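Please look over the chain shown here from one end to the other before reading on. The paragraphs that follow go from the whole chain to its core, and then to single residues.

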Amino acid sequence: MDEVESFTANLFLIQFATSGVCICGSVYCLAFDVSDNFMGLMVSVYLFTYNICELFVITYFGNEIMLSTNQLSYSLFESNWTEQPESTKKCVVIFGEYLKRPRELLIGKLYPLTLETFTRILNSAYSMFNILKNSQIGKG
């Protein structure tokens with residue numbers, strides 16, 4: 001788990017930042033109809049849908065990893081470990097204490113890879129859109 005986290009932490013951080021900016025940009029293009037043709041509109045819709053789906057799938061599977069690791073200690077104690085030799089019982093109890101720690105993948109060692117992070121990214125993209133919208137109104 002630690003190796004996967006160290007490999008993907010910075011990669012997901014960059015991916016989430018660029019996807020948030022792309023979502024904001026595509027919403028801006030859709031709201032202000034910056035394209036003159038139908039194809040430009042379809043590209044904006046596609047980019048918006050693609051980036052949201054991409055973020056959702058990654059955070060959904062991160063959330064599933066967290067939920068699955070939370071069930072490991074329950075599964076361990078559900079087994080027939082009480083019928084094992086005494087030395088094995090001690091190892092199971094120690095391992096069970098280790099499994100009590102919640103395990104979740106972190107993005108850039110800051111944000112957990114959960115569905116809550118997905119909603120936070122969407123809220124941030126919407127906030128960036130509002131800033132762009134207010135600056136557009138101020139110019140006009």
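Two residues are said to be in contact when heavy atoms of theirs lie within 4.5 Å. With that meaning in hand, we can say that, among the contacts in the chain with a separation of 6 or more, 72% are between residues 24 or more positions apart. This is a predicted model, in which local features need pLDDT of at least 70 and side-chain atom pairs count only at pLDDT 80 or more, while totals for chains, interfaces and linings use all residues. Residues are numbered from 1 along each chain as its sequence is written, and side-chain values use heavy atoms, with hydrogens and water left out.

The secondary structure comes to four helices and two strands, where helices (H or I, at least four residues) and strands (E, at least two) are DSSP runs numbered from the N terminus. Following the sequence, the reader meets them in the pattern α-α-α-β-β-α. The radius of gyration of the chain is 22 Å, well over the 14 Å that the globule rule gives for 140 residues, so the chain is more spread out than a compact globule. Here the radius of gyration is taken over C-alpha atoms, and the globule rule is 2.2 Å times the number of residues to the power 0.38. The spans of the C-alpha trace along its principal axes, about 75 × 25 × 20 Å, can be set beside that value.

How much of the chain is buried? A residue is called buried when its relative accessible area is under 20%, exposed when it is over 50%, and partly exposed in between (1.4 Å probe, protein chains only). By this rule, buried residues make up 29% of the 140 residues in the chain. The chain exposes about 9,500 Å², and carbon and sulfur atoms supply 65% of that area; such accessible areas come from the Shrake-Rupley method with a 1.4 Å probe, and for residues only the protein chains shown count as cover.

We can now turn to the interior. A nonpolar core is a set of buried Ala, Val, Leu, Ile, Met, Phe, Trp, Tyr and Cys residues joined through side-chain atoms within 4.5 Å. The largest such core in this chain has 14 residues, and those with the most contacts inside it are Phe12, Phe16, Leu55, Ile58, Ile107 and Leu113. The elements that give two or more residues to this core are helix H1 (2–32), H2 and helix H4 (115–139), and H1 gives the most, with five residues.

Two members of the core show how parts of the chain meet. Phe12 touches Ile58, Ile107 and Leu113, not counting residues up to four places away in sequence. Ile107 lies in strand S1 (residues 106–107) and counts as buried, because its relative accessibility is 1%. With residues up to four places away in sequence again left out, Ile107 touches Ala9, Phe12, Leu13, Phe16, Pro112, Leu113 and Thr117. Ile107 and Gly62 are 45 residues apart in sequence, while their C-alpha atoms are 10 Å apart in space.

Which residues does Thr114 touch, not counting residues up to four places away in sequence? Thr114 lies in the loop between strand S2 (111–112) and H4, and it is buried because its relative accessible area is 7%. Its partners are Thr59, Asn63, Met66 and Glu104. Asn63, in helix H2, also counts as buried, because its relative accessibility is 12%, and, leaving aside neighbours within four places in sequence, Asn63 is in contact with Leu113, Thr114 and Leu115.

Other residues of H2 are placed otherwise. Phe38 belongs to helix H2 (residues 38–78) and is exposed, because its relative accessible area is 59%. The C-alpha atoms of Phe38 and Pro85, 47 residues apart along the chain, are separated by 72 Å. Tyr74, also found in helix H2, is exposed with a relative accessible area of 52%, and it stands 52 residues from Tyr126 in sequence and 39 Å from it in space, C-alpha to C-alpha.

The last residue to visit is Met128, which is found in helix H4. Is Met128 buried, exposed or partly exposed? At 33% relative accessibility, Met128 counts as partly exposed. Leaving aside its neighbours within four places in sequence, Met128 is in contact with Gly20, Val21 and Cys24.
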